[in-house]
Amino acid sequence: MASPRITLTVPGPHGDREVSLSSPDRVVWPDAGITKRELAEYFIAVAEPFLAANGNRPVSLQRFPDGIDGEAFFSKNPPKGAPDYVESVTVTYNSGRRHPQLVLTEIAAAVWAAQMNTVVFHPWASLAADTDHPVELRIDLDPQPGTDFADAVAVAPALREVLAEAGLDAWVKTSGSRGLHVFCPIEPMYEFLDVRHAVIAAGRELARRLPEKVTMDWWKEERGARIFIDFNQANRDRTMAGAYSPRALPAATVSTPVTWNELTDVDPASFTVRTIPRRLAEVGDPWRQLAAKPGRIDTLLEWWQRDLDDGLGELPFPPEFPKMPGEPPRVQPSRTRKED
């Protein structure tokens, strides 16, 4: 029988809110034995850094009504009956369609999202006040088969050097899975396509320096056992798990900001829904000052133009995107060779 409904008192900028939680003893992570109530209480415990990373921007909710082993779906707009403190902003998607997207402005909204069986939060790189201009350049270091987290850690300092040469300050977090996410705060004066081109320029420069360890090849058959720079994560409406967001993985791992000094000793499996509140109490939030000094991507865009002049063109977009100017055919190379 389902556990009785409870009410959690959630502090916030407008005073305490009472958030109702149904089936609080329902197990969300079977292997870890973590319940829906524990998930909701986690968000209350990490409210400040969680909102700093994921609040006041469009966000998609990845929801698991039957726990992480069940079916999942994404919510982008507030459903009917959402409380008035769950806000939204109208955004433009790549298709040109416009639609309301969820915005978290206080932690009660994240607790409500937990009531709605949300596990993973996917924030945009732009803020609700100006959704068309990212405030972060994001780079996803994605280990391919034959590589692992340690391989991503090994190339991350070289990426930091590339970004520093371009005048950007890089911050790093675990993905909560096998990879790393590197963020650079930027001034909100560039369109998403410009930021994508800046990511490609940085990735190409890193791949030139570490050709045996890093790849920019979009097609999986060409990547080999290298770290893939997933440049398409920089596109409008493409997101990655936010900082301090849990992941739908057996150990209830959390995407966790770390310092560059501690990166080499990090065990991403140790960052979980149960351990992150204690970590924050002991060491604080490594990303507390992330947005303090935003940079510019002008140098990276100069590198992008340099590569264009040298014959390196646009790279493929995801299949759901409209065909983009200068984009190569969206056909995997082996199929092209076979047809030829």
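The exercises below work through salt bridges, a buried arginine, two domains and a helix in one predicted model.

Residues are numbered from 1 along each chain as its sequence is written, and side-chain values use heavy atoms, with hydrogens and water left out. Because the model is predicted, local features need pLDDT of at least 70 and side-chain atom pairs count only at pLDDT 80 or more, while totals for chains, interfaces and linings use all residues.

**Exercise 1. Describe the salt bridge between D237 and K76, and place both residues in the chain.**

Step 1. A salt bridge is a side-chain nitrogen of Lys or Arg within 4 Å of a carboxyl oxygen of Asp or Glu. A search of the whole structure with this criterion finds 21 salt bridges, and in one of them the side chains of D237 and K76 meet at 3.2 Å, N to O.

Step 2. This pair links distant parts of the chain, 161 residues apart: D237 is in the loop between strand 14 (227-229) and strand 15 (257-258), and K76 is in the loop between strand 6 (73-75) and strand 7 (87-92). Helices (H or I, at least four residues) and strands (E, at least two) are DSSP runs, numbered from the N terminus.

Step 3. For accessibility, buried means under 20% relative accessible area, exposed over 50% and partly exposed in between (1.4 Å probe, protein chains only). D237 is buried at 19%, whereas K76, at 28%, is partly exposed.

**Exercise 2. Characterise two further salt bridges, E262 with R279 and R296 with D298, and then name the residues of the salt-bridge network.**

Step 1. The closest N and O atoms of E262 and R279 are 2.9 Å apart. Since E262 lies in the loop between strand 15 and helix 7 (276-283) and R279 lies in helix 7, the pair ties together parts that are 17 residues apart in sequence.

Step 2. E262 has a relative accessible area of 23% and is partly exposed, while R279 is buried at 12%.

Step 3. In the other pair, the side chains of R296 and D298 meet at 3.1 Å, N to O; R296 is partly exposed at 37%, and D298 is partly exposed at 30%.

Step 4. The network of salt bridges links E165, E205, R208, R209, R306 and D307.

**Exercise 3. Establish the surroundings of R196, which lies in helix 5.**

Step 1. Helix 5 spans residues 192-209, and R196 within it is buried, with a relative accessible area of 0%.

Step 2. Contact means heavy atoms within 4.5 Å. When neighbours within four places in sequence are left aside, R196 is in contact with F231, N232, A234, N235, E314, L315, P316 and F317.

Step 3. For L315 the geometry can be stated further, as its backbone oxygen lies 3.2 Å from a polar atom of the R196 side chain.

**Exercise 4. Describe how domain 1 and domain 2 meet.**

Step 1. The domain assignment, whose bounds come from an automatic or database source, gives domain 1 (5-123) and domain 2 (134-238 + 293-313). Their centres, taken over C-alpha atoms, are separated by 29 Å.

Step 2. Six residues of domain 1 are in contact with five residues of domain 2. The two domains bury about 510 Å² between them, 27% of it on carbon and sulfur atoms, where buried area is the accessible area (1.4 Å probe) that two parts lose on being put together, summed over both.

Step 3. Two salt bridges are found across this interface.

**Exercise 5. Determine how far helix 2 is enclosed, and by what.**

Step 1. Helix 2 (residues 47-54) has eight residues, six of which are buried, so the helix is largely enclosed by the rest of the structure. The buried residues are A47, P49, F50, L51, A53 and N54.

Step 2. The elements covering these buried residues include helix 1 (36-45), helix 3 (107-115), strand 9 (118-123) and helix 7.

Step 3. Just after helix 2, N56 takes a positive phi of about 60°.

**Exercise 6. Locate D25 and state its accessibility.**

Step 1. D25 is found in the loop between strand 2 (17-21) and strand 3 (27-29), and at 51% relative accessibility D25 is exposed.

Step 2. D25 and P4 are 21 residues apart in sequence, and their C-alpha atoms are 8.4 Å apart in space.

Conventions. A polar contact is a pair of N or O atoms within 3.5 Å; within protein, one must be able to donate a hydrogen and the other to accept it, and residues adjacent in sequence count only if both atoms are side-chain atoms.
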